[in-house]
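The exercises below are meant to be worked through with the sequence and the structure side by side. Try each task on your own before reading its solution.

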Amino acid sequence: MPDKTTQNRGTKGISISELAVTFQSEDSEPVEALRPTSLEFEPGEFIALVGPSGCGKSTLLNVLAGFIKPSSGQALVGGETITKPDIDHGMVFQDYALFPWLNVIDNVAFGLERQGMGLEERHAKALEYLDMVGLKEFADKRVTELSGGMKQRVAIARVFATDPSIILMDEPFGALDALTRRFLQHQLLEIWQRNRKTVVFVTHSVQEAVYLASRVIVMTARPGRVKLDQKIDLPHPRDFSSEEFRRLEKVIYDQLDEELAKSFKLEGGGGTFHD
Amino acid sequence: MKSSAKTAASVLPYLWAAIFIVFVWQMAVVFTQAHVALLPPPLLTAKTFAEMVINGQLFVHAGASLGRVVSAWLLSAAIAIPLGLAMGRWRRFEHLVDPVVELFRPISPLAWIPLAILWFGIGETGKIFIIFIATFFPILLNTVSGVKGVDPVLIRAGQVLGCDNDRALFRKVILPAAMPTIVVGLRISFGTGWAAIIAAELVAAQVGLGYLIADGMEVLRSDLVLVGMVAIGILGVLIDAVFRTINDRFSWGT
């Protein structure tokens, strides 16, 4: 059996230049979701995007996925402009987005079938990736029988199985309880270390960002732009309670608090938050 | 063991209902002393029913009616499902077609009978046309709402997993996701089509349960009318039961 890592097509960098998104709606003022933003993600980087709600981090992710067209500027993956959704740009959604009419293995094999792989081959590969997330025994189960954490593990297997150049994750663990969340963070890291993909990971949790990412990007309150670009050089597995971990968390929290204060003021909350 | 107990549990209410109906029916006969041509007693009806089962007549009539409903229903599905998929997916197309649909929908299949005879004569085509009208809208409306109800995140998931054109997206995501609702529409429409069979067969049919009823009235054989009615009721329930089983196979949603 050939080594898994050598079969991979590898990964690509992402280049975002002067990218801006303004939503035009018919009956109200245009909403500026993302100010012109430029960022370079190296191949194999694990990027965490954090910021207050509505800061445009999901907008940015949706542009990278090809769901939203930018109003100006552009985003490139491996030098090519993103124009539409592509199987080469994988995505993991907060609410799992598994296909309920397919069982677990066929969910994982879905993308492989679209890539033209025959039944036996794609089932073998799907099993391999289900094994990676520890759900090999659940291959024939219906997805409705799984817990939230298991569903997201299936979704992670599904995206890695198609071997995309980049993987976008939109608050993938946001709906899970704290313990399941820790387990999945750990599992994701293991998988990522074996399949070095460029990952762009949107999260609300600073701790999650510092635990997982090689680089944390803090975005400002709406309209979003980059507030802080912080490298995280700590070796894995990272210790939540180490001094350096806490220092980095604080650096990010300080920047984030400023933005939170602003966005609460915008919503008319006023007063209660220090500036 | 388990499944036979389940079957019994689902059949039992119908058995009770049948006993209740026969009881009320018999009471009505006893208290009104109605002439046999007006209201034949259950026993006589049962006898006629049994005779027609033995000589095969009932199967001929039921078969003819079923054949008409099935072909009209399949024709409806073949047109309404693709149309509904398109209407559900493309808002502009829906805005164009929906007013036409809404104008036709309140018109009862019965209202089409005169035109159906004028256009298609008294052959099979006219009858199938009537049932087609009766079965079309439930399938269409359920397909539209099924497509509209597809979770947008599933469509996005399909797109990032290689469904890069509308055809693939329809086949791999939208159609299977909308299937439970479409199957409900197919089931409801078979019911409305089955109910419309009488209307379709009242005019110049030579065979069919509707013909049996119309002919029974003409020769003052109310027992024949009742046999036709009973057969329609029983078959309706049986067909619905078949659809429920199919429904269950598609009801992955809950």
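## Exercise 1: The sheet of chain A

Task: Establish the order of the strands in the open sheet of chain A, and find out which strands stand at its edges.

Solution. In this predicted model, the open sheet of chain A consists of four strands in the order S2-S1-S4-S5, and their pairing is antiparallel. Strand S2 (31-41) and strand S5 (80-81) of chain A each have a single partner strand and therefore stand at the edges, with one side of each left without a neighbour in the sheet.

The next step is to look at one pair in detail: strand S1 (residues 14-23) of chain A runs antiparallel to S2(A), to which it is joined by seven bridges. Within this pairing, A:Phe23 has A:Val31 in S2(A) as its bridge partner.

The last step adds a helix, since helix H2 (residues 57-65) of chain A lies across S1, S2 and strand S4 (72-77) of chain A, and runs at about 115 degrees to S1(A).

## Exercise 2: The make-up of chain B

Task: Describe the secondary structure of chain B, and then its extent and its burial.

Solution. Counting the elements gives ten helices and zero strands for chain B, so that reading from the N terminus on yields α-α-α-α-α-α-α-α-α-α. The C-alpha atoms of the chain fill a box of roughly 70 × 55 × 30 Å along the principal axes. Of the 254 residues in chain B, 34% are buried. Turning to contacts in chain B between residues at least 6 apart in sequence, one finds that 71% of them join residues at least 24 apart.

## Exercise 3: A helix with a kink

Task: Follow helix H6 (residues 124-148) of chain B from end to end, and locate its kink.

Solution. Helix H6(B) has 25 residues and spans 36 Å from its first C-alpha to its last, which is close to the 36 Å expected at 1.5 Å a residue. Along the way there is a kink of about 30 degrees at B:Thr135, shortly before the proline B:Pro138. As for its surroundings, H6(B) is mostly covered, with 20 of its 25 residues buried.

## Exercise 4: Confidence

Task: Find where confidence in chain B is lowest and where it is highest.

Solution. For chain B the mean pLDDT is 90, and 98% of the residues reach 70 or more. Confidence in this chain is lowest in helix H1 (residues 2-32), with a mean of 85, and highest in helix H7 (residues 152-160), at 95. The model as a whole scores ipTM 0.88 and pTM 0.83.

Conventions:
Residues numbered from 1 in each chain as written. Chains lettered and ligands numbered in written order. Predicted model: local features only at pLDDT ≥ 70, side-chain atom pairs only at ≥ 80, totals over all residues. Pairing = 2+ DSSP bridges. Helix = DSSP H or I, 4+ residues; strand = E, 2+ residues; numbered from the N terminus. Contact = placed C-beta atoms within 7 Å. Axes fitted to C-alpha atoms, helices over the stretch in contact; angles between N-to-C directions. pLDDT = per-residue confidence, 0-100. Expected span 1.5 Å × (residues − 1). Bend = angle between axes of the 7 residues up to and from the residue. Buried ≥ 20, exposed ≤ 12 C-beta atoms within 10 Å, placed from the backbone.
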